[in-house]
Amino acid sequence: LSLDEIENYDQVRGEIAAKLEDLRDRPVRNEPPLIYHLDVAAMYPNIILTNRLQPDAIVSDAVCASCDFNVPGKNCDRRMPWLWRGEFFPPKRAEVNMLRGKLQGELFPPDGRARAGAPPRTYDQLPPAERASELGKRVKDYSKKVYHRLRETKVEEREAVICQRENPFYVDTVRNFRDRRYVYKGLLKKEKRKLDGAVAAGDNTLIDSGKKLVVLYDSLQLAHKCILNSFYGYVMRKGARWHSLEMAGVVCLTGSRIIQMARQRVEQLGRPLELDTDGIWCTLPGSFPENFSFRLRDGKGKFGISYPCTMLNHLVFDKFTNHQYQDLVDAAGHAYSTHSENSIFFEVDGPYRAMILPSSKEEDKLLKKRYAVFNDDGTLAELKGFEVKRRGELKLIKIFQSQIFKVFLQG
């Protein structure tokens, strides 16, 4: 959709600008807030697709140096940051060498398979596994006595090189599963609309078949969602065939920075309520620009936008677009085309009537993923972390919570 196709662009832009200028000029306001849930659709799969991430594409500078495409002005090596986290013993190398020297002056019992009366063994006579075990025990004891702790944690930012010309078998598989899930989600929405029509008409036959189709398409899209998320979790598993810690780190850090960016922007306009892995619950002023419609020329209809969602998508496009994405166009001549790619988009849900967040029992310790969200008609839109949804909880607690949620809206 280009600007030439929009008939009332200046009008909509003026309305948005007027509301934003009013918020700037009168920052202290007394009005009911708008509760939104802004989340990234299929965050991890779309980060993989946008940056052409796959285990075989994570290469080193040495691999790049020996590549046939290593020519001046190349743009096939996308460099992205990731966080490495390591745990180690507090003692320094000199202290460990001191402990090893002490062990070399000690004697150890003979091997259990040795004959009776065998002489004791020195440290250097022990098998490598036993030497490492004995040294580990001494280092642990030394850490407890001297440093009063067993572990130190270090986090450092590293850089991964992603080849943009690697065979895209992993990326294509993720894209196929994502697109197929979108198909099932579309069919689910279509069947829900049909079911609502059947309920309004009172047709029991259509209601029965509609409920079955809704369950079927909902199950299929959820199954594809689980498989999609496993493409990220798979590369984290050490025993996986395509294990890649660097790829997992790039995906995780990129997702984290997207949510942090959204939080910083929300804090400038409203207040964040709850942060998820792929989204943020927030409140914005009641007079904040919300939904707008663009009229298309030649009677082609209307195109609606949600301004909070569009605002965040503009930031994502500006900071997280891959301008080095490459596709093979000529296999015989090894020719590639380069274009910009970004399939990371925020989606907006809301506004909602109310959100209940229980307080923590401990000071300076917040509860995570424990909230109840209500629609305008008083129904529960989302429930996370409460006993009423957990298996194995007492039925008395579930009944009590399901009854008390209705009372929240009465103050």
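What volume does the largest pocket have? I looked it up in this predicted model. The value is about 1400 Å³.

**Entry: pocket centre.** I next listed the lining, which comes to 39 residues. Closest to the centre of the pocket are Asp-39, Arg-181, Lys-185, Lys-225 and Glu-347.

**Entry: pocket walls.** I then asked which elements give two or more residues to this lining. Two long stretches of sequence came up as helices, α6 (169-201) and α7 (204-236). Helix α2 (43-50) also contributes. On the strand side I noted β1 (34-40), β13 (346-352) and β16 (380-384).

**Entry: lining by class.** I sorted the lining residues of the largest pocket by class. I got 16 nonpolar, 16 charged and seven polar residues.

**Entry: the sheet with β16.** I followed β16 from the pocket lining into an open sheet of three strands. Strand order is β14-β15-β16, and the pairing is antiparallel. β14 (354-356) and β16 are the edge strands, each pairing on one side only. I also checked the twist: neighbouring strands are turned by 10° against each other on average, direction ignored.

**Entry: β14 against β15.** How many bridges join β14 and β15? I found three, in the antiparallel sense, with β15 spanning residues 371-374. For Met-355, the bridge partner in β15 is Val-373.

**Entry: helix over the sheet.** Last, I looked at what lies across these strands. Helix α10 (residues 395-408) lies across β14, β15 and β16. I noted its angle to β15 as about 55°.

Conventions:
Residues are numbered from 1 along each chain as its sequence is written. This is a predicted model: local features need pLDDT of at least 70, side-chain atom pairs count only at pLDDT 80 or more; totals for chains, interfaces and linings use all residues. Side-chain values use heavy atoms; hydrogens and water are left out. On a 1 Å grid over the protein atoms alone, a cavity is a set of points where a 1.4 Å probe fits but cannot get out, and a pocket is an open set with protein on both sides within 12 Å along at least five of seven lines; lining residues have an atom within 4 Å of a point. Grid points are joined across faces, edges and corners, and a volume is the space filled by probe spheres set on the points. Helices (H or I, at least four residues) and strands (E, at least two) are DSSP runs, numbered from the N terminus. Ala, Val, Leu, Ile, Met, Phe, Trp, Tyr, Cys and Pro count as nonpolar, Asp, Glu, Lys and Arg as charged, and the others, Gly among them, as polar. Two strands pair if DSSP finds at least two bridges between them. Axes are lines fitted to C-alpha atoms, for helices over the stretch in contact, and angles run from 0 to 180 degrees between N-to-C directions. Contact means heavy atoms within 4.5 Å.
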